[in-house]
Amino acid sequence: MSNWENMDQWYAVLPPSRPTSKELSRIEDFLRNIDKNEPVAVLGSTPEFRELLFRLGFKQRFIFDKSPDFYKRMGQLIPHSVQSDEQFIKGDWSSILKDYPHFFRVVLSDLTMGNIPYEDRDDLYYTISNAVKKGGVFIDKVLAFDFRVPTLDELFDKYERLPINLRTINDFSSEVLFCSELVKKKNIIDSTEFYKCIREGNYSEKIKFFADAAHMITPEGFVWSYGIEWSELEDDYKKYYVTQKIFVEDDANSPYYLRTKQFFNFK
Ligand SMILES: C[S@@+](CC[C@H](N)C(=O)[O-])C[C@H]1O[C@@H](n2cnc3c(N)ncnc32)[C@H](O)[C@@H]1O
């Protein structure tokens, strides 16, 4: 089980491992027309969502996270006034959201799916949809495996020729740890195992340097459930909503180009 307390350099993590400006502006355009007295929720402690909801004037802002430490740490990445009147709810999403039936007008989430083991997903997605009131929306970004996963050789050939900087280190983490053939081995991302495989593999000093540097973005000791084809997951994901608007990542320079989808799931 991943211990998010160990994710201690979130300030070095860049979009699209965090919400991109384009994703945030889509959400802002949608939220502008929502009554600011309506209760809204964030899954996880995403600083960008907390700041956006505060800036737009939402009065009832609920932040759901099992890690109070990570919540506090993310609070250091946004102005203090943002969290002054937030309601922080500690606990696991699958249990605590059950206390809020038909309550939220909007629930926001960014890359939370991988944190949930495949066998627990249906219960969580039912619980989330049940916490959304009629006419409400669940806005979520998902890393969806409906793309050809790149081989390590393809990726390492690319990174061998790239400069080493915070952008390329973030992209190395996203592509090699979250999108490569490594993921398809067990449909699980095990950061410790993946780093060991690169460290002990017959790869160049530069590639091993990239892997070492990527520890500041994705530390060891983390496990995510990713890799199963989206076609096998999407029906269960969308069955609790009447309509969906889907935006596929279309920035060709993004490490998640055509690999992530932003969903507006309408209840
Ligand atoms: C949202 S996820 C992924 C990171 C995400 N992109 C973000 O911007 O926060 C990470 C956050 O979710 C929290 N978290 C992960 N699994 C959880 C669960 N089952 N219940 C409640 N919080 C969880 C972690 O403590 C962490 O704060």
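## Pockets, a ligand and a cavity

Let us start with the residues that line the second largest pocket, which divide into 5 nonpolar, 5 polar and 10 charged. Keep in mind throughout that this is a predicted model. The pocket itself has a volume of about 190 Å³. Of its 20 lining residues, Pro-16, Thr-20, Glu-249, Asp-251 and Ser-254 are the closest to its centre. If you would like to find this place by secondary structure, look for helix H1 (21–31), helix H8 (166–178), strand E8 (243–248) and strand E9 (260–266), each of which supplies at least two residues of the lining.

Pro-16 deserves a pause while you are here. This residue is found in the segment before H1, and the peptide bond that leads from Pro-15 to Pro-16 is cis, with omega near 10°. So one of the residues closest to the centre of the second largest pocket also takes part in a cis peptide bond.

Now move to the largest pocket, whose volume is about 650 Å³. Here 35 residues form the lining, and those closest to the centre are Trp-4, Leu-111, Thr-112, Asn-115 and Trp-224. Three helices give two or more residues to this lining: H2 (47–55), H3 (68–75) and H5 (93–96). By residue class, the lining of the largest pocket divides into 20 nonpolar, 8 polar and 7 charged. For the second largest pocket, recall, the division is 5 nonpolar, 5 polar and 10 charged.

Among the central residues of the largest pocket, Leu-111 has a backbone worth a look. Its phi is positive, about 55°, although the residue is not a glycine. You will find Leu-111 in the loop between E4 and helix H6 (121–131).

What takes up the space of the largest pocket? The ligand does. Around the ligand there are 18 residues, and Asp-65, Lys-66, Phe-70, Trp-93 and Asp-110 come nearest. This shell divides into 7 nonpolar, 7 polar and 4 charged residues.

Three of the nearest residues can be followed down to single atom pairs. Asp-65 places a polar side-chain atom 2.3 Å from an oxygen atom of the ligand. With Lys-66 the backbone is involved: one of its N or O atoms lies 3.1 Å from a nitrogen atom of the ligand. Asp-110 also uses its backbone, with a polar atom 3.0 Å from a ligand nitrogen. How much of the ligand's accessible area does the protein cover? On its own the ligand has 560 Å² of accessible area, and the protein covers 98% of that.

Asp-110 leads us on to the last stop, the cavities. A search of the whole structure finds 3 of them with 30 Å³ or more, and the largest holds about 50 Å³ of space. Asp-110 is one of the residues lining this largest cavity, together with Pro-19, Glu-23, Leu-24, Ile-27, Phe-49, Ser-109, Ile-139, Asp-140, Lys-141 and Gln-262. At least two lining residues come from each of H1, strand E4 (104–110) and strand E5 (132–143). In terms of class, the lining of the largest cavity divides into 5 nonpolar, 2 polar and 4 charged residues.

Two links tie the tour together. Helix H1 supplies residues to the lining of the second largest pocket and also to that of the largest cavity. Asp-110, in turn, comes among the nearest residues to the ligand and lines the largest cavity as well.

Technical notes: Residues are numbered from 1 along each chain as its sequence is written. This is a predicted model: local features need pLDDT of at least 70, side-chain atom pairs count only at pLDDT 80 or more; totals for chains, interfaces and linings use all residues. Side-chain values use heavy atoms; hydrogens and water are left out. A residue is near a molecule or strand if one of its heavy atoms lies within 4 Å of it. A polar contact is a pair of N or O atoms within 3.5 Å; within protein, one must be able to donate a hydrogen and the other to accept it, and residues adjacent in sequence count only if both atoms are side-chain atoms. Accessible areas come from the Shrake-Rupley method with a 1.4 Å probe; for residues, only the protein chains shown count as cover. On a 1 Å grid over the protein atoms alone, a cavity is a set of points where a 1.4 Å probe fits but cannot get out, and a pocket is an open set with protein on both sides within 12 Å along at least five of seven lines; lining residues have an atom within 4 Å of a point. A molecule sits in a cavity or pocket if more than half of its atoms lie within 2 Å of its grid points. Ala, Val, Leu, Ile, Met, Phe, Trp, Tyr, Cys and Pro count as nonpolar, Asp, Glu, Lys and Arg as charged, and the others, Gly among them, as polar. Grid points are joined across faces, edges and corners, and a volume is the space filled by probe spheres set on the points. Helices (H or I, at least four residues) and strands (E, at least two) are DSSP runs, numbered from the N terminus.
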